Amino acid sequence: MTEHLAKEGPHMLLLERNLPVLAQSMTFSKLVQENVRFLNLKDLRWLFPPICHRKEQAALTENEKSRFICAFDMINSDGTLGQLVDIHGQMHMQHTNARLLPWHRVFLHLFEEALHNYHPDVCVPYWDWTTPEGQHFPNWLVGVLPTVHTPTRTINVVRAPGPDGSLAAIASGVPAAMAKTNYGDFTGPINGIHGSVHIWVGGTMSDASVSPADPVFWLHHANLDRLWWAWYSSAAGGHENPPLVGADAVMDPWTYTETDVRSIAALGYAYV
Ligand SMILES: [Cu+2]
């Protein structure tokens with residue numbers, strides 16, 4: 001029955017079309033969610049997971065840090081992470097243009113849902129390198145250097161972080177970006193800052209064909225996603241959406257479109 005619902009049900013979740021591994025692990029909660037139009041939502045609220053609260057990495061408890069690392073290791077072992085790494089290495093026009101933020105919003109969402117297969121309460125932390133306290137490599141990830149097997153290669157994660165002062169200099173461009181009043185003017189400098197932080201971490205992170213193998217990739221991109229959300233919600237951003245139309249608005253290789261990712265609440269997460 002779960003097989004039938006996952007593969008043929010008329011209300012198959014967008015998420016399951018985009019991350020087929022999830023369809024193999026239908027939980028009772030997910031099953032109910034699919035059939036919710038037949039049921040009384042009010043009586044079933046207790047079954048639904050709360051919205052994922054993405055926290056600043058330094059604010060995580062020791063337990064939350066180890067659960068994140070544990071879930072990361074699990075999706076590495078089951079091959080999901082390797083598949084995501086290879087997809088990121090392919091050409092989906094997801095860098096240095098208006099697609100950067102929406103494409104990586106989908107990418108983070110699929111990663112977070114994959115983590116939920118093992119730890120339903122784990123959310124992607126963000127690494128806030130815009131504050132002085134965050135302007136160094138996250139201590140708890142220093143020794144986390146996984147080996148990731150993708151469908152095409154084996155990646156041994158390495159890093160060579162630059163001086164903390166350089167990270168501060170890179171991040172100093174953020175306030176000017178946040179003050180821009182249209183998406184193009186905002187995303188231009190954010191794109192550059194994004195790349196500079198990748199290069200600052202160095203090693204695996206400096207190479208887009210392998211960078212998501214480093215767990216800090218996800219924390220870095222969660223911070224960019226958070227900045228985008230903050231800008232969008234601000235008076236300067238004024239809820240302006242990326243100017244994407246036609247094929248540019250489809251976050252291939254997935255079926256998510258730009259309009260599908262406008263609301264982070266609808267995607268099931270919030271920044272705290
Ligand atoms: Cu990327």
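Biologist: What share of the 272 residues in the protein is buried?
Modeller: This is a predicted model, in which local features need pLDDT of at least 70 and side-chain atom pairs count only at pLDDT 80 or more, while totals for chains, interfaces and linings use all residues. Residues are numbered from 1 along each chain as its sequence is written, and side-chain values use heavy atoms, with hydrogens and water left out. Buried means under 20% relative accessible area, exposed means over 50%, and partly exposed is in between (1.4 Å probe, protein chains only). By that rule, the buried share of the 272 residues is 49%.

Biologist: How many helices and strands are there in the protein?
Modeller: Helices (H or I, at least four residues) and strands (E, at least two) are DSSP runs, numbered from the N terminus. Counted this way, the protein has 12 helices and 4 strands.

Biologist: Of the contacts with a separation of 6 or more, what percentage comes from residues 24 or more positions apart?
Modeller: A contact means heavy atoms within 4.5 Å. Among contacts in the protein with a separation of 6 or more, the part from residues 24 or more positions apart is 72%.

Biologist: Is helix H6 largely enclosed or open, and which elements do its buried residues pack against?
Modeller: Helix H6 covers residues 80-89, and 8 of its 10 residues are buried, so the rest of the structure largely encloses it. The buried ones include Leu81, Leu84, Val85 and Ile87, and also Asp86 and His88. The elements they pack against are H5, H7, S2, S3 and H11.

Biologist: Which side chain of opposite charge is nearest to Asp86?
Modeller: Asp86 is in helix H6 and touches Thr150, Pro151 and Thr152, leaving aside residues up to four places away in sequence. Lys and Arg count as positive and Asp and Glu as negative, with His and the chain ends not counted. Asp86 is buried yet has no salt bridge (a side-chain nitrogen of Lys or Arg within 4 Å of a carboxyl oxygen of Asp or Glu). At 5.9 Å, the nearest side chain of opposite charge is Arg153.

Biologist: How many salt bridges does the rule give?
Modeller: Side chains of opposite charge can pair when their charged atoms come close. By the rule, the count of salt bridges comes to 10.

Biologist: Which residue forms a salt bridge with Glu112?
Modeller: The closest N and O atoms of the pair are 3.0 Å apart, and the partner is Arg54. The pair links distant parts of the chain, 58 residues apart, with Glu112 in helix H7 (residues 100-116) and its partner in strand S1 (residues 52-54). Both residues are buried. The partner is Arg54.

Biologist: Which residues are linked with Arg54 in a network of salt bridges?
Modeller: The pair of Glu112 and Arg54 belongs to this network. Besides Arg54, the network holds Arg105, Glu112 and Asp225.

Biologist: Is Arg159 buried or exposed, and which residue does it bridge to?
Modeller: Arg159 has a relative accessibility of 17% and therefore counts as buried. Its partner is buried too, at 0%. The closest N and O atoms lie 2.7 Å apart, and the partner is Asp214.

Biologist: In the loop between H7 and S2, where Pro125 is found, what is the distance in space from Pro125 to Gln57?
Modeller: Pro125 counts as buried because its relative accessibility is 1%. Among the residues it touches are Phe68, Trp140 and Trp218, as well as Gln57. Pro125 and Gln57 are 68 residues apart in sequence, and their C-alpha to C-alpha distance is 5.1 Å.

Biologist: How much space lies in the largest cavity?
Modeller: On a 1 Å grid over the protein atoms alone, a cavity is a set of points where a 1.4 Å probe fits but cannot get out. Grid points are joined across faces, edges and corners, and a volume is the space filled by probe spheres set on the points. The search of the whole structure finds 1 cavity of 30 Å³ or more. The space in the largest cavity is about 50 Å³.

Biologist: Which helix gives the most to the lining of the largest cavity?
Modeller: Lining residues have an atom within 4 Å of a point, and here they include Arg105, Trp228, Trp229, Tyr232 and Glu258. The lining divides into 5 nonpolar, 1 polar and 3 charged residues (Ala, Val, Leu, Ile, Met, Phe, Trp, Tyr, Cys and Pro count as nonpolar, Asp, Glu, Lys and Arg as charged, the others, Gly among them, as polar). With 3 residues, the helix that gives the most is H11 (residues 215-233).

Note on methods: 1 Å grid on protein atoms, 1.4 Å probe; cavity = no way out; pocket = protein on both sides within 12 Å on 5 of 7 lines; lining within 4 Å.
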